[in-house]
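Good morning, colleagues. I should like to take you through one chain this morning, beginning with a pocket and working outwards to the sheets around it. Please look at the display before I continue.

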Amino acid sequence: MNNPIQLTQAAQLEIRSTLEANKIPDTYGLRVGLRGGACSGSFLLGFDTATEHDQTYLIEGIKVLIDKRHLMYVIGVSVDFEEGANGSGYTVSAAEKLK
C-alpha cells in the first residue's frame, strides 16, 4: 500500500521540530488514529511507540504509526499545521478537499 495519509510541508517541519526540541527517541513515531467511534470519532495525533496492532509507514522520512483497526478511517487524510491569530495547531482533513 502506498502511504495512506499525507503530511503537508508545514506539518513535516513542525513534527521534525517537535521531535528534535523534545529529544523524542527514534523508537517513537507520529500516531494517527481515531478517538471514539468511527462515525462520530475525532482524529488523534501524538507521539507514541508501536504496538503489535500498528502498521508503520515512513512518510517523507517521518515514522507514522496507524492502528490496523483505524486504517480504513484515515486513508486519504492530510495532516497540516497552521498558525493564525487564534493560535497554532494541527488540522486533519480529507486530502481530496485540498486539491
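Let me begin with strand β2, which contributes 3 residues to the lining of the largest pocket, the most of any element. Please bear in mind throughout that this is a predicted model. The space in that pocket comes to about 160 Å³. Its lining consists of Arg16, Leu19, Ile24, Pro25, Asp26, Tyr28, Gly29, Leu30, Gly61, Ile62 and Lys63. Two or more of these lining residues come from each of α1, β2 and β5. Sorted by class, the lining holds 6 nonpolar, 2 polar and 3 charged residues.

With the pocket in view, I turn to the chain as a whole. How many helices and strands does the chain have? There are 2 helices and 7 strands, and along the sequence they follow the pattern β-α-β-β-β-β-α-β-β. Of the 99 residues in the chain, 28% are buried. If one takes the contacts between residues at least 6 apart in sequence, 48% of them join residues at least 24 apart.

I come now to the sheet that contains β2. This is an open sheet of 4 strands, ordered β3-β2-β5-β4, and its pairing is mixed. The edges are taken by β3, residues 42–49, and β4, residues 54–59; each has a single partner strand, so one side of each is left without a neighbour in the sheet. On average, and with direction ignored, neighbouring strands here are turned by 30° against each other.

Strand β2 itself is mostly covered, with 6 of its 8 residues buried. With β3 it pairs in the antiparallel sense over 8 bridges. Within that pairing, Tyr28, which also belongs to the pocket lining, has Thr49 in β3 as its bridge partner. With β5, residues 62–67, strand β2, residues 28–35, pairs in the parallel sense over 2 bridges. There, the bridge partner of Arg31 is Leu65 in β5. As a general point for those tracing side chains on the display, in a regular strand the side chains alternate between the two faces of the sheet.

One residue of the lining deserves a closer look, namely Ile62. It is located in strand β5. Is Ile62 buried or exposed? Its relative accessibility is 4%, and the limit for a buried residue is under 20%, so Ile62 counts as buried. Which residues does Ile62 contact, once its neighbours within four places in sequence are set aside? They are Leu7, Gln12, Ile15, Arg16 and Tyr57. In addition, the C-alpha atoms of Ile62 and Gly29 are separated by 7.3 Å, although these residues are 33 apart along the chain. Both Ile62 and Gly29 are found in the pocket lining.

Among the contacts of Ile62 is Gln12, which has its place in helix α1. Gln12 also counts as buried, because its relative accessibility is 6% and therefore under 20%. Leaving out residues up to four places away in sequence, Gln12 touches Leu7, Glu60 and Ile62. Leu7 thus appears in the contact lists of both Ile62 and Gln12.

Helix α1 leads us to the other sheet. Spanning residues 9–21, α1 lies across β1, β6 and β7, and it runs at about 75° to β6. Those 3 strands form an open sheet in the order β1-β6-β7, again with mixed pairing. Here β1, residues 6–7, and β7 stand at the edges; each has a single partner strand, so one side of each lacks a neighbour in the sheet.

Between β6, residues 77–84, and β7, residues 87–94, there are 8 bridges, and the two strands run antiparallel. A hairpin of 2 residues joins β6 to β7. One of the pairs across these strands is Val79 with its bridge partner Val92 in β7.

To close, I return to the pocket. Helix α1 lies across one sheet and, together with β2 and β5, gives two or more residues to the lining of the largest pocket. Strands β2 and β5 are paired in the parallel sense, and β2 gives the most to that lining. Thank you for your attention.

Conventions:
Residues numbered from 1 in each chain as written. Predicted model: local features only at pLDDT ≥ 70, side-chain atom pairs only at ≥ 80, totals over all residues. Heavy atoms only, no water. Pairing = 2+ DSSP bridges. Axes fitted to C-alpha atoms, helices over the stretch in contact; angles between N-to-C directions. Buried < 20%, exposed > 50% of the residue type's maximum accessible area, 1.4 Å probe, protein only. Contact = heavy atoms within 4.5 Å. 1 Å grid on protein atoms, 1.4 Å probe; cavity = no way out; pocket = protein on both sides within 12 Å on 5 of 7 lines; lining within 4 Å. Points joined across faces, edges and corners; volume = space filled by probe spheres on them. Nonpolar A, V, L, I, M, F, W, Y, C, P; charged D, E, K, R; others polar.
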